Amino acid sequence: MKKLYCFDFDGTLTYKDTMFMYLKFYDSAKFRVQFLRHVPLFILLKLKLAETEKVKKSFIGSILKGQSQEKIEKKTKQFFDEHYPKIVRENALDFINNIDRNNTQSLLVTASLDIWTKPFAEAFQMQLVSTRAEFKDGVFTGNFIGRNCNGKEKLVRIKSEINDHKYDKIIAFGDTSGDEPMLKWANEGHYQFFH
């Protein structure tokens with residue numbers, strides 16, 4: 001029996017949202033200043049009066065834009081070493097460790113950037129399907145390659161990742177409205193399963 005697992009990352013497998021954690025870890029002084037600057041945008045976002053992708057790009061870019069890939073990768077490794085497996089829900093980790101790897105494909109499907117989610121995907125032995133950071137000449141441009149990997153975009157990206165492979169069963173895990181299209185599409189959609 002061929003299975004496909006699709007796991008959302010932030011909140012589903014972790015206790016906390018990793019974007020704020022990572023950016024604060026990267027440069028806490030800059031994070032504080034930019035967080036305060038972005039508060040009006042965050043409020044507009046809550047009121048659904050701003051576009052998630054734009055606000056996210058602006059906030060991440062305000063801290064990481066212009067940083068070298070080398071420095072970012074070094075910080076990412078430190079971040080991962082410090083927080084793994086502490087920020088991962090124990091029952092989620094147990095579940096992942098007990099996946100029968102034969103005839104199974106597992107995807108980590110996240111709106112978070114590949115910058116800091118890649119080592120987690122590797123630790124989980126999963127393929128990463130995420131929002132992708134754009135680097136030019138070894139420097140982060142502040143832009144994304146393609147769209148923010150959330151909502152319907154998650155499904156678009158999953159389908160291009162599995163390109164026409166057939167599965168007997170597709171099982172998805174998520175914890176927010178951004179995971180709904182993925183959960184509805186799967187044969188089994190689990191909402192807040194590990195909470």
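## Close-up views

**View 1. Serine 106 is in contact with Tyr5, Ile99, Arg101, Met126 and Gln127, once its neighbours within four places in sequence are left aside.** Please keep in mind, here and in every view below, that this is a predicted model. Serine 106 is found in strand E2. With a relative accessible area of 6%, serine 106 is buried, because buried means under 20%. Strand E2 runs from residue 104 to 113 and comes back in View 2, where it supplies at least two residues of a pocket lining.

**View 2. The largest pocket holds about 870 Å³ of space.** Its lining is made up of 26 residues. Those nearest the pocket centre are Asp17, Phe20, Leu45, Thr52 and Asn150, a good set to display as sticks. Which elements each supply at least two residues of the lining? They are helix H1 (18-26), helix H2 (28-46), helix H3 (52-64) and strand E2 (104-113). Helix H3 gives the most, with four residues. Sorted by class, the lining of the largest pocket has nine charged, nine polar and eight nonpolar residues.

**View 3. Threonine 52 is one of the residues nearest the centre of the largest pocket.** Its place is in helix H3. Is threonine 52 buried, exposed or partly exposed? Its relative accessible area is 42%, so it counts as partly exposed, between the 20% limit for buried and the 50% limit for exposed. Not counting residues up to four places away in sequence, threonine 52 touches Leu45 and Asn148. Of these partners, Leu45 is also among the residues nearest the pocket centre. For a sense of scale, the C-alpha atoms of threonine 52 and phenylalanine 144 are 13 Å apart in space and 92 residues apart in sequence.

**View 4. Leucine 64 is a buried residue of helix H3.** Its relative accessibility is 0%, which means that it falls under the 20% limit for buried residues. With neighbours within four places in sequence left aside, leucine 64 is in contact with Tyr22, Leu23, Tyr26, Ile72, Ile115 and Phe140. Among these partners, Tyr22 and Tyr26 reappear in View 5 on the H1 side of a helix contact, and Ile72 appears on the H4 side. Leucine 64 and glycine 142 make a pair worth labelling: 78 residues separate them in sequence, while their C-alpha atoms are 6.8 Å apart.

**View 5. Helices H1 and H4 cross at roughly 115 degrees.** Helix H4 spans residues 69-83, and the two axes come within 10 Å. The crossing is right-handed. From H1, the contact is made by Thr18, Met21, Tyr22, Phe25 and Tyr26. From H4, the partners are Lys71, Ile72, Lys75, Thr76, Gln78, Phe79, Glu82 and His83. By class, the residues of this contact divide into six nonpolar, four polar and three charged.

**View 6. A cis peptide bond joins tyrosine 84 and proline 85.** Here omega is about 0 degrees. Proline 85 has its place in the loop between H4 and helix H5, the latter covering residues 90-97.

**View 7. Threonine 12 is buried in the loop between E1 and H1.** How accessible is threonine 12? Its relative accessible area is 3%. Leaving out residues up to four places away in sequence, threonine 12 touches Arg89, Phe173, Gly174, Asp175, Asp179, Phe194 and His195. One of these partners, phenylalanine 194, is 182 residues away along the chain, yet the two C-alpha atoms are separated by 6.7 Å.

**View 8. Helix H7 (residues 152-162) has buried residues that pack against strands and a helix.** The buried residues are Glu153, Lys154, Leu155, Arg157, Ile158 and Ile162. They pack against strand E1 (3-7), E2, strand E3 (127-136) and helix H8 (180-185). Following H7 comes aspartate 164, whose phi is positive, near 65 degrees.

**View 9. Aspartate 137 and glutamine 192 have positive phi values although neither is a glycine.** For aspartate 137, phi is near 50 degrees. Aspartate 137 lies in the loop between E3 and strand E4 (139-145). At 81% relative accessibility, aspartate 137 counts as exposed, because exposed means over 50%. For glutamine 192, phi is about 50 degrees. Glutamine 192 sits in the segment after strand E6 (188-191), and with a relative accessible area of 34% it is partly exposed.

How values were computed. Residues numbered from 1 in each chain as written. Predicted model: local features only at pLDDT ≥ 70, side-chain atom pairs only at ≥ 80, totals over all residues. Heavy atoms only, no water. 1 Å grid on protein atoms, 1.4 Å probe; cavity = no way out; pocket = protein on both sides within 12 Å on 5 of 7 lines; lining within 4 Å. Points joined across faces, edges and corners; volume = space filled by probe spheres on them. Nonpolar A, V, L, I, M, F, W, Y, C, P; charged D, E, K, R; others polar. Buried < 20%, exposed > 50% of the residue type's maximum accessible area, 1.4 Å probe, protein only. Contact = heavy atoms within 4.5 Å. Axes fitted to C-alpha atoms, helices over the stretch in contact; angles between N-to-C directions. Left-handed = near helix turned anticlockwise from the far one by under 90°.
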